[in-house]
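Okay, thanks for squeezing me in. I'll put the structure up and then walk you through a few spots I liked.

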Amino acid sequence: MRKPLMAGNWKMNKTVSEAVSVVKALKGAVTGVLDVEILVCPAFTALYEVNNEIKGSNINLGAQNLFWEAKGAFTGEISTAMIRDAGCSYVIVGHSERRQYFGETDETVNKKTKAALAADITPIVCVGETLKEREDNATFSVIEKQVRNGLADITLQQASLTVIAYEPVWAIGTGKTATPDQAQEVHSFIRKIYAQMYKESAEKVRILYGGSVNPGNVSDLMKKSDIDGGLVGGASLEAESFTKLVKYSK
Ligand code: PGA
């Protein structure tokens, strides 16, 4: 059985004290939740203090990016050892905003994915088509390329530990969610491709849906057999709405 994962991607929001105060409230509200894995991904600057606040709780910590080199002259970059040291067990890789604004490619996504796995940090590898690609009937070819190239050359064991997030670009931050059927169709396609690449790991890999997930639509999405959780932006920024997502009705 795949344990659902509800992940909050806070993007470029929250100072250290704001981040700590949200996580403090969240911690109290989700005490005792064991059937859903909970993850928050604050900005780099808040990781260390958020980690101090969630120690011993059921909330996990993730970063939003990493660089694949171990150390050296890479101004502005952050290594796996650094995010690990700050308490992260997860990292988001290849979010569409990074692909769109910061030049991420399937090749850099693959380097980051491999670096994270080598450091025992679980990568959440993001894939998703733009509106134009969907309208051009290119959704499946775009997703297949992103999955095959972004997740290439990892071991079978690493393959089952990896998390994939399907985030249609047209649904991110727009209030337009993919319907549960639209999402399920792509999720099952991703699992099929993954099975061709990594055999039985495909049954273990968790595939999250992301793009305007909110307390009102989460339950219907989570009912679908290949949707194993959510990667949530806007609705994860406040403890109250994120708690509703974590405690979605089953
Ligand atoms: P959203 O963002 O929930 O605000 O649409 C999701 C994401 O980008 O991960």
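Quick bit of vocabulary before the loops come up: when I say helix or strand, I mean a DSSP run, at least four residues of H or I for a helix and at least two of E for a strand, numbered from the N terminus. And keep in mind that this is a predicted model.

With that, take lysine 14, which sits in the loop between strand 1 (5–9) and helix 1 (16–29). Its phi is positive, about 85°, although lysine 14 is not a glycine. That's worth flagging, because most residues other than glycine have a negative phi. Lysine 199 is another case, with a positive phi near 45°. You'll find lysine 199 in the loop between helix 9 (180–198) and helix 10, and it is exposed, with a relative accessible area of 54%.

While we're in that area, have a look at helix 10 (residues 201–204), which holds glutamate 203. Glutamate 203 is exposed too, at a relative accessible area of 53%. Its C-alpha atom is 7.6 Å from that of arginine 191, and the two residues are 12 apart along the chain.

Now the ligand. Who's around it? The shell has 13 residues, and the closest are Lys11, His95, Glu167, Gly173 and Ser212. Sorted by type, the shell comes out as 4 nonpolar, 7 polar and 2 charged. For polar contacts, the side chain of lysine 11 puts an N or O atom 2.7 Å from a ligand oxygen. Histidine 95 also has a polar side-chain atom 2.7 Å from an oxygen of the ligand. Glycine 233 joins in through its backbone, with a polar atom 2.8 Å from a ligand oxygen. As for cover, the ligand taken alone exposes 280 Å², and the protein buries 95% of that.

Next, helix 7, residues 139–150. At 1.5 Å a residue, its 12 residues should span 16 Å, and the end C-alpha atoms are indeed 16 Å apart. Which residues of helix 7 are buried? Those are Thr139, Val142, Ile143, Gln146, Val147 and Gly150. Looking down the axis, these buried residues fall within an arc of 125°, so they line one face of helix 7. The spacing fits the usual picture: an α-helix has 3.6 residues a turn, so residues three or four places apart point the same way.

Last stop, serine 160 in helix 8 (residues 156–161). Serine 160 has a relative accessible area of 17%, and the cut-off for buried is under 20%, so it counts as buried. Its side chain reaches the backbone oxygen of glutamine 157 at 2.9 Å.

That's my tour, over to you.

How values were computed: Residues numbered from 1 in each chain as written. Predicted model: local features only at pLDDT ≥ 70, side-chain atom pairs only at ≥ 80, totals over all residues. Heavy atoms only, no water. Near = heavy atom within 4 Å. Polar contact = N/O pair within 3.5 Å; in protein donor to acceptor, adjacent residues only side chain to side chain. Areas by Shrake-Rupley, 256 points an atom, 1.4 Å probe, with all protein chains shown as cover. Nonpolar A, V, L, I, M, F, W, Y, C, P; charged D, E, K, R; others polar. Expected span 1.5 Å × (residues − 1). Buried < 20%, exposed > 50% of the residue type's maximum accessible area, 1.4 Å probe, protein only. Arc of directions from axis to C-beta.
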